[in-house]
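Hi,

Here is the structure I said I would pass on. Have a look at it first, and my notes on helix packing and voids follow below.

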Amino acid sequence: MSNTFGNILRLTTFGESHGIAIGGVLDGMPAGVAIDMDEVQRVVDRRRPGQSAMTTSRSEDDRVEILSGVFDGVTLGTPIGFVIRNKDHHSADYSEIKECYRPSHADYTYDAKYGIRDYRGGGRSSARETAARVVGGAIAMQALKQLGITVTAYTSQIGTVLLGASKKVDLSNIDSNTVRCPDADTAALMEAEVMAARAAGDSLGGCVSCVVNGVPAGLGEPVFGKLHAQLGAAMLGINAAKGFEYGDGFAFAGARGSEVMDRFTSCDGTVTTLDNHSGGIQGGISNGAPITFRVAFKPVATLMRDIETIDRNGNPVTLHPHGRHDPCVVPRAVPIVEAMAALVMLDNVLMARTSRL
């Protein structure tokens with residue numbers, strides 16, 4: 001199983017949903033970076049369960065314990081080890097699925113690959129693992145901030161409710177509502193949609209949009225390590241992610257070249273573009289414009305209603321789902337998208353310093 005992400009900056013995560021703890025090792029972080037652990041905890045708290053009626057009622061405080069690599073609030077340049085202990089897991093809720101395969105889950109595929117699986121809460125395939133990614137990303141964000149690079153994600157769609165691209169929004173309002181949509185009117189419609197699905201024992205998907213500001217030109221690789229390909233791999237590695245597009249994305253397919261051309265100009269001696277259809281990346285390399293992308297997430301696979309499936313022997317069974325589940329993962333995916341984007345961007349900053357003397 002591949003548990004390590006990155007090139008120079010590498011995050012390795014470990015742990016299962018109902019194990020003693022989850023955690024990780026962040027290697028390759030330069031020495032001398034000041035780390036505010038209160039800020040790291042704040043970022044992790046945005047992902048944790050039990051925040052509102054929009055999320056699972058599992059109550060984890062998700063306290064981050066740094067084991068190594070940071071001394072007197074500053075990185076040492078050595079591996080940063082950390083853990084988050086699991087406290088509020090109800091393994092008995094999953095006893096019914098021990099011998100069964102839940103539709104659209106990883107139960108069957110894990111059995112097919114390993115011949116064994118931890119059925120408690122999904123084990124390693126659980127989105128619980130993403131908390132470790134958020135810790136690594138929160139640390140990377142603090143290094144990026146010193147370089148003037150910021151990563152901001154927000155909910156742009158839940159179900160059929162879409163935040164219109166033409167709407168001017170204030171990104172400082174992202175955390176002013178439970179769905180993390182920066183527009184109050186759209187957020188209210190999204191909240192109503194989620195609660196209606198929850199009441200019906202159903203679930204919803206949606207999209208998270210992200211913008212990375214302050215990126216210098218020249219980050220990314222020209223062939224196999226294209227910056228958008230790295231971001232795509234990072235995003236599609238998030239649980240429930242089903243699609244990724246950067247810039248105008250799939251809208252390019254229905255446009256003419258004259259409509260989506262990013263023309264260059266010079267502003268105070270700096271090369272810039274008049275438009276940003278490319279989402280800040282051309283030829284796999286950042287061009288200095290804001291990097292913009294969107295990630296699509298599927299509806300949660302666990303429905304709180306009877307589900308027909310089969311057991312390991314191929315016999316038909318009816319599952320009666322128990323446990324605590326999000327009716328929509330999108331609001332909690334926002335900090336995960338930011339974290340993975342931060343890891344990619346800092347990794348590319350470090351790689352760029354090897355490109356030429």
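**Helix packing around α3**

Helix α3 (residues 130–146) and α6 cross at roughly 50 degrees, and their axes come within 7 Å. That angle makes α3 oblique to α6, and the crossing is left-handed. On the α3 side, the contact is made by T130, R133, V134, G136, G137, A140, M141, A143 and L144. From α6 come P335, I336, E338, A339, M340, A342, L343, M345, L346 and V349. Sorted by class, the residues of this contact are 14 nonpolar, 3 polar and 2 charged.

Before you go further, do keep in mind that this is a predicted model.

α3 also packs against helix α1 (residues 37–45), with the axes 9 Å apart and an angle of about 135 degrees. These two are therefore oblique to each other as well, but the crossing of α1 and α3 is right-handed. If you want to pull up the contact, select E39, V40, V43 and V44 in α1, which meet V134, V135, A138, I139 and Q142 in α3. The class count there is 7 nonpolar, 1 polar and 1 charged. V134 is worth a click, since V134 turns up in the contact with α6 and in the one with α1.

**Cavities**

How many cavities of 30 Å³ or more does the structure hold? There are 2. I looked at the second largest, which has about 40 Å³ of space. Its lining is F5, G6, L9, R10, L11, L26, L343 and D347. β1 (4–6), β2 (10–14) and α6 (330–352) each supply at least two of the lining residues. By class, the lining has 5 nonpolar, 1 polar and 2 charged residues. L343 links this part to the helix packing: L343 lines the cavity and also belongs to the α6 side of the contact with α3.

**A pocket to look at**

The second largest pocket has a volume of about 810 Å³. Its lining runs to 24 residues, and Y154, A165, S209, G247 and T292 lie nearest the centre. Two or more lining residues come from each of β9 (150–158), β11 (206–213) and β17 (291–297). Which element gives the largest share of that lining? That is β11, with 4 residues. The pocket lining divides into 9 nonpolar, 10 polar and 5 charged residues.

Cheers

Key: Residues numbered from 1 in each chain as written. Predicted model: local features only at pLDDT ≥ 70, side-chain atom pairs only at ≥ 80, totals over all residues. Heavy atoms only, no water. 1 Å grid on protein atoms, 1.4 Å probe; cavity = no way out; pocket = protein on both sides within 12 Å on 5 of 7 lines; lining within 4 Å. Points joined across faces, edges and corners; volume = space filled by probe spheres on them. Nonpolar A, V, L, I, M, F, W, Y, C, P; charged D, E, K, R; others polar. Axes fitted to C-alpha atoms, helices over the stretch in contact; angles between N-to-C directions. Parallel < 35°, antiparallel > 145°, perpendicular 65-115°, else oblique. Left-handed = near helix turned anticlockwise from the far one by under 90°. Contact = heavy atoms within 4.5 Å.
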